[in-house]
Each structure stands twice: as C-alpha cells, then as structure tokens.
Amino acid sequence: MERRAGLILTGGGARAAYQAGVLKAIAEFLPRRAHNPFPVICGTSAGALNAATLAINAQSFRKGVRYLDNIWKNFHANQVYRTDVVGVLNNTMLWLAGLILSGLGINRIKQISLLDNSPLVEFLGEVLSCEKIQDSIDAGLLHALSVTASGYGSGQSVTFYQGVAQLVPWRRTRRIGISAKIEIKHLLASSALPFIFPAALINREYFGDGSMRQIAPISSALHLGATHILVIGVTSNGYTNQTMRTEMNDYPSLAHIAGHALNSIFLDSMEVDLERVQRINELAATLPESVCAQADIKYVDVLVVSPSQSIEKSAERYAAEMPWTIRLLLRMVGAVPHSGGILLSYLLSEGKFCRALIDRGYQDALKQRDEILCFLDAQPRRDDEMPQ
C-alpha cells in the first residue's frame, strides 16, 4: 500500500497560531523547494483556515507556511470580529435580546452571537483563493483536503472533503463525509465558535464549529486515505495536568464556565481518540496478520506535536493587547486574570500573542525534529540549505 502522510490541524480560535510555528519548523527541516509533504490535510475550526492555506499553496510547502506565518504574526482582532464601540454594543444587545426572546418562545432574531465576525468573512475572501485547491489536486500535490463542521439541525459531525475522484463518501454514527468544493463558507462554518460567532448556512442547514460532536477526529484522515498521521494540537499534553487541581472558593464566572466548555469541545474528543488509536495499535501488534485483516484492524502510526507550556497562562500575560471594547465585554462576563485565561486564549487574535504561540510551536517542533523526519520518510536539509 502506498504510504500517504496525513496532517490533522485541530481547532482552538487564536490558539491555531501555534500550528504555524510547528509548520514553520517542518518547512525548515525539508529541502527548500519541497512540495506539500502531507497529501491528506484535515482541518477543524481555526485549523481549517490553516489547512486550506496549505492546500492552496501545495506546490511550495515553504511558501505556504511563510504565508501562514506572516498572516498570524500580523493578526489583529478587528480582522476577525468587530471591535468598534458601535459594533460591539449592537451585537451584544442583539445577543441579549435574542436570548430573552428565545426564552419566551419568540425567534425573531436569526443571528445570535456574542461577536460579529463579518470582518473575518471579508479577510478570508482577500487572503484565500479556494479555487486553487483543485489545481493542487489536479497537479497530484494534494490527495484530499477536508473541513469539518457541526450541523445544528442534524446533530451530525459533517466532514466536507475535496479530493481525487477515487474517494467515496462515508457514514458512521453521528458523523458523515460529503464530497464538496471547499469554499469560504465551509471555513466560516467550521470555525464558528458556539455562542461567540454566528452559525453559517450551507445548503439548507446551519453549521457551527467543527469540534462540536467530533467524536473521532482522526477518522476523517483515514477515510481519505492517510496511512500515517501527524496531529498538531493546541493544548499542552493532557496527561500532565490531569492530577493538578487549584483551590477555587468563589463561584465560577461565566467566562470560566465558557472557557471550560470550549476546552471540553476542542480538547476532549482528540485526547479520547488518540487513546483509542493507541489501544487499537496495541491490539494489532499482538494479533496475527490474518486475524487483523479479517477484522479490519490496522496499525496507524500517529505522531503528536502539542504545546509544552500552558497557552492559558500566556494569554493572561497578553490580555492587555486586546481592544478595550472587547476587554470590557469580557470583564462583564468575568474574564479577568486567573479566571478567564482559557476564554482569552481562544479570542486573543493579536499579533504579540500569536507571535508568542508561533515561537512556542517552532521550539516544540525542533525538539521532535528526528521524529518528524522519520515520520515523513524525509531526508534532512543539507547544511548549505539551512536558514542563516
């Protein structure tokens, strides 16, 4: 069977800047003119935006990563959501009115969200040429790109994929794969944080952030033909903090609860799926090949790169970089240091914070250089090709 590397870029709002740092290091590991080393690219939430960028620039991996790095380094919150006084106040009032009317059984406000992400719609239209995705596929540089969103009507995790003709749709419990021409609307749907950004309409259904109800995030890459998978996460190793508890005498603020909910949405399913794959690999290693073939049990090589330090703590240090209107809004819901760092880490789309995450991702990837090169079956760059 042809070996085909898959790349999974998980969700997490502004945290996705960390992925740009990891990819920057990988680009430096490889020859200068290397094509995209990941024939299968799967993105969810903000990771979908990174995934689409790589797919569009598959002809030159280094160029695509440099483009991604430049976007995140110069990011500002007003490119993602409205931060002006009128925009924030208007959307907040609509959000509150929508909640009240919904509670009374009146559904007259169609778009209920804490923030107005219309700037992101315009920004993505300027920086991403989604029509080039098919060019990458036709050139044989990309086997498939997928973007996952959650259907509010069906309750299913829907993976929209664009790839070679041989790929076939799939249907599993609470999750399906559908062939589609990936457009900006799919990226907006996949990255629509619940409660915070408005849902996106695709065909006849409204969709929200793809991390919701994504019970098997690794499966999409396997369905699309990946034989070994690199996962770039956006949270520190889940096992290191499992036994750590902090004393909390005050009732949790709305921001603390919201951050906890977002962590549950973005982090838990991937950690559970990785553990599931590990168990299956252990089983495959003990069973005869004939039994594995009959039971369709396959060993899947999975490599994970994730933050070695807490992103939440970093977000608290950079909280002052946020526009004052958003800081005021978040303070109203309790997002202050030591209680709202988690929520801040998803919304702090400012250059200084993003640059810190990029640097952390770069350094973490350097520590796993040999593992990554072995995973990609790649030869390291010669000394005369290394950046000065």
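Which helices each supply at least two residues of the lining of the largest cavity? Keep that question in mind as we walk through this predicted model.

Let's begin with the empty spaces inside. The structure holds three cavities of 30 Å³ or more, and the largest cavity offers about 280 Å³ of space. It is lined by 24 residues, and those closest to its centre are Ala46, Leu49, Trp72, Phe75 and Leu120. Now for the helices we asked about: they are H2 (46–56), H3, H5 (118–127) and H13 (341–347), each giving at least two residues to this lining. What about the chemical character of the wall? You will find 18 nonpolar residues and six polar ones there, but no charged residues.

The second largest cavity has a volume of about 110 Å³. Among the 16 residues lining this second space, Thr10, Thr44, Gln214, Pro217 and Met270 are the closest to its centre. Strands come into view here: S1 (5–9), S2 (40–44) and S3 (144–151) each give two or more residues to the lining of the second largest cavity, and so does helix H9. This lining is made of six nonpolar and 10 polar residues, and charged residues are absent.

Next, let's turn from cavities to a pocket. The second largest pocket has a volume of about 810 Å³. Its lining counts 25 residues, and Leu222, His223, Asp296, Lys298 and Val300 lie nearest the centre. Two helices, H8 (219–223) and H9 (254–286), are the elements that give two or more residues to this lining. H9 gives the most, with six residues. You have met H9 before, as it also contributes to the lining of the second largest cavity. Charged residues do appear around the pocket: its lining divides into nine charged, five polar and 11 nonpolar residues.

Now go back to H3, one of the helices around the largest cavity. Helix H3 (residues 61–73) packs against helix H14 (residues 351–367) at an angle of about 140°, and the two axes are 8 Å apart. Because of that angle, H3 is oblique to H14. On the H3 side, the residues in contact are Asp69, Trp72 and Lys73, and on the H14 side they meet Gly351, Cys354, Arg355 and Ile358. Together, the residues of this contact divide into three nonpolar, one polar and three charged. Take a second look at Trp72: this residue of H3 takes part in the contact with H14, and Trp72 is also among the residues closest to the centre of the largest cavity.

Our last stop is a link between charged side chains. The model has eight salt bridges. One of them joins aspartate 377 to arginine 3, with their closest N and O atoms 2.9 Å apart. Where do these partners sit along the chain? Arginine 3 lies in the segment before S1, while aspartate 377 lies in the segment after helix H15 (369–375). The pair therefore links distant parts of the chain, 374 residues apart.

Technical notes: Residues are numbered from 1 along each chain as its sequence is written. This is a predicted model: local features need pLDDT of at least 70, side-chain atom pairs count only at pLDDT 80 or more; totals for chains, interfaces and linings use all residues. Side-chain values use heavy atoms; hydrogens and water are left out. On a 1 Å grid over the protein atoms alone, a cavity is a set of points where a 1.4 Å probe fits but cannot get out, and a pocket is an open set with protein on both sides within 12 Å along at least five of seven lines; lining residues have an atom within 4 Å of a point. Grid points are joined across faces, edges and corners, and a volume is the space filled by probe spheres set on the points. Helices (H or I, at least four residues) and strands (E, at least two) are DSSP runs, numbered from the N terminus. Ala, Val, Leu, Ile, Met, Phe, Trp, Tyr, Cys and Pro count as nonpolar, Asp, Glu, Lys and Arg as charged, and the others, Gly among them, as polar. Axes are lines fitted to C-alpha atoms, for helices over the stretch in contact, and angles run from 0 to 180 degrees between N-to-C directions. Angles under 35 degrees count as roughly parallel, over 145 as roughly antiparallel, 65 to 115 as roughly perpendicular and the rest as oblique. Contact means heavy atoms within 4.5 Å. A salt bridge is a side-chain nitrogen of Lys or Arg within 4 Å of a carboxyl oxygen of Asp or Glu.
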